[in-house]
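Here is a brisk tour of one protein chain for someone meeting it fresh. Keep the sequence and the 3D view open as you read.

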Amino acid sequence: MTGASEQDILAQHITTPIFKINYFQLFRYATKKDLFIIGVSFLAAIIAGAITTMPALLTGLLIGSIQDSWSGGSSQDRSNSELTRFTIYFVYLFLGEIVSCYIANIGFIRTGIILSSRIRERYLAALLSQNIAFFDNIGAGEISTHITADADLIRDGISEKVSVAVQCSASFIAAFVIGFMRDWRLTLILAASIVCITLVFTAAGIMLTKYRQRWLGETAASGTIVEEVFSSIRTVVGLNAQSELVARYDSCLAKAEHFANNARLISGALLGAVFAVIYLAIGLGFWMGSRFLVAGTSSYVDILTIILATVTGIACLGGIVPPLQVFTIATAAGSRLYSTIDRRPSGTASRPSEGKLDSVLGYIKLQNVRHIYPSRPDIVVLDILSLDIEPGKTTAIVGPSGSGKSTIIELLERFYDPVAGDIFLDGHKLSELSPNWLRQQISLVQQSPTLFATTIFENIRYGLVGTPHENASKEDIENIVYDATRIANAHDFITQLPDGYDTLVGEAGVLLSGGQKQRIAIARALVSDPRILLLDEATSALDSTSESIVQAAIEKASQGRTTIVVAHRLSTVKSADKIIVLSDGQLVEQGTHNFLQEKNGMYSRLAKSQAVNLNEKESLDDENYILEVSIQNSKSVSEEIEKEHPPVTGSPLFDIVHKDAYALESLDRPSHQYSMRTLLRFVNGFHKDSMALVSMGFLASIQTGAGAPIQAVFLAKCLAALARPQAEYSQLRSETNLWAGMHVVLAFVQFFAYSAQASALGKCTEGLIRRLGGLSFRALLDKDMSFFDMEEHGVGALVSFLGTEPASMAGMGCYAIGNYIMALTTLIGAIATSIAVGWKLGLVGAATVPVLLICGFLRFRVMGQLEAHLRHVYQETASLASEAVSAIRTVISLNRESNVAAIFHNKLVEQDSKSIRSSLTSSALFAFSQSAPLLCTALGLWYGGTLVISGEYGLFQFILSFAAVNICGDATGLIFSSSPDLAKAKLSAIRLRGLLDRQAQSQSQSQAQPQLDFSEPQPLLQGNIGFRNVHFSYPTRPDRRILNGLDLNVHKGKFIALVGPSGCGKSTIVALLERFYHPLAGLVTMDGRDLSSMNMSAYRDQVALVNQEPTLFQGTIRDNLLLGLDASKYSQEELETICKNAHILDFIHSLPQVIHQIYITSTETDLIIQSRI
């Protein structure tokens, strides 16, 4: 294998090519039943669309009949009879429209819900089948964004918008069929508009797709930042890095805003171009029609019918623009999801192998193994390594950081396959064995154990997945689990918890201490009675007492099985049957502890180094002294630390901490009920800085809305002119040419008006989304730590919240208001015009408006409930997917891929049926609102025709008033055409307003308290720490007392150690010092001052924290070292000195990009975190 080809192969492990798909591939997972429903819905949509153009034909025929009556060509009785007959036809059309529209709408809504859920399932399944290297370049936040926001975009693109597009297309085709049947020459001339619109659509579609894909890319990148931050929230807060990370997030939002602005401008110009073509076509039709009429080759009825039908068809073609935009976005989103779904993992570790062994002895052999991580192709981790691991014995692997210890574990689990060489199990190559079967024989306990957001019992039971005991009786499973917890020294502390084995551990086990999590992970590993046990620093998080007990238990459990222990603390491997020492990926020496000590090699030096470190700590006693506090025996906690205590009340901080613990309820169901007026003021308050643009956009909206009433006047003038008798043909041509030319002027005016509206309001709206995203992110970061302990506040749910809520709330922003202004301008203009010309018919048309408004409002309410339901469901599934991907190594090692996929599937299936049932009512209301304009048209024709036949109205009055009545129906429908978007916007506005209000309330309370003034340079904190009668319970577990009257004083410059059993409150004391939580009673002081009165940002600048499970963020080592600090104050030499003191400088220099290296291992993470101190 050449170096170049090796690099290419490694790159294939982590790259994900973006596959271009077409729109119809979004329906890839439709079954025969789905296709049948789609076919029926498609046919119903065609019928509904064709019915839409029938009024043009009937109206032309009826007006022609009325014109004959007006000119004295027919009797009044005959005209009344014709009027009644045509009115009844409109009633029939209404019935046909409402039925067909309902079937089409409910069918496509079902399609969107079902197919988007299947795409979500396929996407998660594809993720769980990828090679581990794939996840080196993708974060759980990006995955949450894809599985929520992108899948929602696909749902919108294959749902009711399809019905709208099909109806518009059918109307367009039916209109031209009617036109060609009446007069093919005039219709053919008007058909030229189709070419223009097609060219406009094609050019705009290409640009929209480009910008939307780039927008989606930046949105996914912002989701990754959010996921990183919330999954490591304690690190972020402890480093005071909130502002810097918010700035990074805002940087991604700024790029997304740029692409979205371009897309909105193109969309507005596209819509304006469509209306311009429509008005140009009308003007051309009247101009040519008047010539045909004068020449005697066409009749008044034909011209009227063709123009009405053609205009209806072209207008419907314009109605395709919004759905096409949605389809474009959905296709771009689908391209991103399908790129992962269709990705075939590279490497044999991901290829299906079905090899199995009848029995497993546990003899493992590595032969000339060479390994390189795909994410670090320039670093050889294992270099031609050969070693033997004997069956049934305990083998320890030790060595410096980066020597390849944990890499061997990952190769044995087949997370990766070696670049060269082979690994054998009982003489069989691992690459020839089934990965699932292999992992059933192996159990792994990692250095940083991962627990899932469920009960303790379920977490341990997951270790039985894929084993013969998986489907055993409940009693047998309980016995197996209890036995495993006893071996892991976990049974006692579990049973002392209020809910015992049914205790929820929170996301990633956040509600348990590090030692408790580690013991549960060990129990999960032992529950399946594996033949091979892999322990990667498995006891690193345990206190000395628990470590000795668990170590003895592990030694007992290791009897008869192959056990591999990776450790840094050599005291844990002294009793191993063989110790293997690695350095730079090569075997340095091996043997027993005593043999290696006598050899005086690297192992001996490591052992002496640890002994020296211990002696150095002991020598500190001479200068300062070490204060070791036994938490169990002090007053810090009651002697029975697991007993329940009644919660302490009466402290102001008690109310603060518990109120914020239920902040999620205020997000979903705020305690304050905000009125629509309040929400509108809240949303549009963000536009204050861009009022000039908003005003320009609103003026443009008024112009776009006024276009329809103005065009109705032009239309009536043209039709009245064409009705002149033969003796007035010269005047007919003159008037028709004038008003046809006015259509041309109106076309250009409307094009610029739509473009200006989209440019001005679109820019303000995207600015609103960006600003809301940043403010919401900051508001969440300002929450107390108890907020993130809540089960409902999982990382996936918060990523989904930030990815969807700000964009959804834009449905109440200036762009949406501009559309409502446009609709209201059209409605008011039409009513005013109709009343001014013929007040009787105008009032009749106005009387229909309230009915349509009520129908639209009811639909808005129903859609709001449906949207809230869908949002809740998809956030739950996003949290599940995010959790699985964040713990992908644990999921794979437990063979939980199918289990996770099944849970995900069951959640979606259960909720999909509820969602479809909820959509039945909204579809009925939608169908009525779509069909009701036909009744308005029938009413207007009947009453207006009666007035004309009676001689009370002239033809111009009738046509203009009738056109205005039709416009009233269309404008009213337009007001609530965005009911789903408005429903989403209202829910989002309520949640965001509640979030920001809580932040403002919290800040006002904080400002009301006296604080240290850190605005000027202050002397360093001395470091005198005091705990005075401190009581504490975690807000998520208020009935379990952690600290009960703790009194503790630590003098400056002293070294203090906190020891005690797991869960006794050691980490809690640290958390209180960082002020992640507030004590329920008592005081925590620094230099005699109450911590709650101090500026936390300035305070944390002088306090450094190394967590038990340290976290690094995406970026270089330099970025991580300076996170939360002023980078300009630190030179390269200073950073290198800091790294040298942390004993990591040599490692960094060994990297190709030195301190700018991006990817590092978990062990190196510990050292880099320590470098910050």
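Residues 24 or more positions apart account for 83% of the contacts in the chain with a separation of 6 or more. Contact here means heavy atoms within 4.5 Å. The model is predicted: local features need pLDDT of at least 70, side-chain atom pairs count only at pLDDT 80 or more, and totals for chains, interfaces and linings use all residues. Residues are numbered from 1 along each chain as its sequence is written, and side-chain values use heavy atoms, with hydrogens and water left out.

## Overview and confidence

The chain holds 40 helices and 16 strands. These are DSSP runs, numbered from the N terminus: helices are H or I with at least four residues, strands E with at least two. Of the 1173 residues, 57% count as buried. Buried means under 20% relative accessible area, exposed over 50%, and partly exposed in between (1.4 Å probe, protein chains only).

Mean pLDDT is 78, and 82% of the residues reach 70 or more. pLDDT is the predictor's confidence in each residue, from 0 to 100. Confidence is highest in α14, at 90, and lowest in helix α40 (residues 1162–1171), at a mean of 42. Over residues 1154–1173 the pLDDT is below 50, yet this stretch has 72 contacts in the model beyond near neighbours in sequence. Residues 612–627 also stay under 50, with 13 contacts beyond four places in sequence. Where pLDDT is low, the predicted coordinates should not be read in detail.

## Two sheets and a helix across them

One open sheet has four strands in the order β2-β1-β4-β5, with antiparallel pairing. β2 (380–389) and β5 (428–429) stand at its edges with a single partner strand each, so one side of each has no neighbour in the sheet. Two strands pair if DSSP finds at least two bridges between them. Strand β1 (residues 364–372) and strand β4 (residues 420–425) share five bridges. Leucine 366 has isoleucine 423 in β4 as its bridge partner.

Another open sheet has six strands, ordered β6-β7-β8-β3-β9-β10, and its pairing is mixed. β6 (442–445) and β10 (586–591) are the edge strands; each has a single partner strand, so one side of each is left without a neighbour in the sheet. From one strand to the next, the twist averages 15°. Strand β3 (residues 394–398) runs parallel to strand β8 (residues 562–566), joined by four bridges. Threonine 394 is bridged to threonine 563 in β8.

Which strands does helix α12 (residues 405–412) lie across? In the four-stranded sheet, α12 crosses β1, β2 and β4, at about 70° to β2. The same helix lies across β3, β6, β7 (532–536), β8 and β9 (578–583), at about 145° to β8. α17 lies across β6 and β7, running at about 175° to β6. Axes are lines fitted to C-alpha atoms, for helices over the stretch in contact, and angles run from 0 to 180 degrees between N-to-C directions.

## Helix α15

Buried residues in α15 are Ile477, Ile480, Val481, Ala484 and Thr485. Seen down the axis, they fall within an arc of 130°, so they line one face of the helix. The arc is that of the directions from the helix axis to the C-beta atoms. These residues pack against α14 (456–461), α16 (491–495) and α17 (514–526). Just after α15, asparagine 489 takes a positive phi of about 60°.

## Two buried arginines

Most residues other than glycine have a negative phi. The table lists two arginines with positive values.

| Residue | Phi | Loop | Relative accessible area |
|---|---|---|---|
| Arginine 414 | near 60° | between α12 and β4 | 1% |
| Arginine 1075 | about 55° | between α35 (1066–1073) and β15 (1081–1086) | 18% |

## Two further buried spots

Isoleucine 154 sits in helix α4 (residues 140–157). At 0% relative accessibility, isoleucine 154 is buried. Its C-alpha atom lies 8.9 Å from that of alanine 332, 178 residues apart along the chain. Contacts of isoleucine 154 beyond four places in sequence include Leu26, Ile119 and Leu337.

Seven of the ten residues of strand β13 (residues 1041–1050) are buried, so β13 is largely enclosed by the rest of the structure. Strand β12 (residues 1025–1033) pairs with β13 in the antiparallel sense over seven bridges. Histidine 1031 has asparagine 1044 in β13 as its bridge partner.
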